[in-house]
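I opened my notebook for a first look at this structure. Here is what I looked up, entry by entry.

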Amino acid sequence: MLNPKPVIIEEYNEEWPKAFKLIESALSDELDGLVIRIEHVGSTSVPGLAAKPIIDIDVVIESMDYLAKVIKKLDLLGYLHEGDLGIKNREAFARRDIYVPYSSEGNVQYEHHLYVCDEESVELNRHIMFRDILKNNPLLASEYANLKIELSNNFTLNRKAYTEGKTEFVTRVMNDILRHTPKDGIND
C-alpha cells in the first residue's frame, strides 16, 4: 500500500458528539421509517476518551429485509455499499467524497464510518456494550486511551498492528464483563 494513512490519536473533542448529531439528522431525514435508531459508537462516543477523529455510526434496522431500501436511500446521500466485509448482520458503507451525507448546504461533513445493522447483530451489541462499559468506567477508559496512544506511536503507519493491539484489550474487557454478568439478571 502506498502512503498509508497514519494512525493519529487526538484528545477528546467536544465537536465529535455535535458532528454525530448533524450526520444523524441527515440520515434520519432520508431514512425516515426504515430505521429503529442511529447509534454513535466507538471511541468518539465516549466523553473524555482520546480517539482517531473519525465518528463511528451504527444505523439499526429491524431486519435485513429492509436493507435494499436502506441501500437506495443511502446512495442518494452519497454512500457506497461495501457489503458485510465478513461480519454477519453488519453492512459497511463508504463515502463518495467529503460532502457525504449530501445536504442542500453542500458542506464538508465530518469523517465517519457508517454501518447498517439489524437488531440481532452481534457486532452492534458488542459496539454498544463496549461503549457503555467505557462511559461507566473512567479508569478503564483512561487505560484504553493510554493503550491507543502507545499503539499509535508504535504503529503510526500500520493500521493492522494498531487494531490488533486494541483487540486484545477489548476482548479482555468484554470477557470480564460477560463473566461477571448473572445469566438470569439476578445478582447472587
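How many Å should the 21 residues of helix H5 span, and how far apart are its end C-alpha atoms? At 1.5 Å a residue (times one less than the number of residues), I expected 30 Å for residues 159-179, and the end C-alpha atoms are 30 Å apart, which agrees.

A note on the source: this is a predicted model, where local features need pLDDT of at least 70, side-chain atom pairs count only at pLDDT 80 or more, and totals for chains, interfaces and linings use all residues. Residues are numbered from 1 along each chain as its sequence is written, and side-chain values use heavy atoms, with hydrogens and water left out.

Next I checked which residues of H5 are buried (under 20% relative accessible area, 1.4 Å probe, protein chains only). I found Ala-161, Tyr-162, Lys-166, Phe-169, Val-170, Val-173 and Met-174. Their cover includes helix H3 (122-136) and helix H4 (138-154).

Then I looked at H4 beside H5. Their axes (lines fitted to C-alpha atoms over the stretch in contact) come within 9 Å and cross at roughly 160°. H4 and H5 are therefore roughly antiparallel (over 145 degrees between N-to-C directions) to each other. Among the residues in contact (heavy atoms within 4.5 Å) are Leu-147 and Leu-151 of H4 and Phe-169 and Val-170 of H5.

Last, I turned to strand S2 (residues 55-61), where six of the seven residues are buried. Strand S1 (residues 37-41) runs antiparallel to S2, joined by five bridges, and His-40 stands opposite Ile-57. With strand S5 (residues 112-118), S2 pairs (at least two DSSP bridges) in the parallel sense over seven bridges; there Asp-58 stands opposite Tyr-115.

Technical notes: Helices (H or I, at least four residues) and strands (E, at least two) are DSSP runs, numbered from the N terminus. Buried means under 20% relative accessible area, exposed over 50%, partly exposed in between (1.4 Å probe, protein chains only). Axes are lines fitted to C-alpha atoms, for helices over the stretch in contact, and angles run from 0 to 180 degrees between N-to-C directions. Angles under 35 degrees count as roughly parallel, over 145 as roughly antiparallel, 65 to 115 as roughly perpendicular and the rest as oblique.
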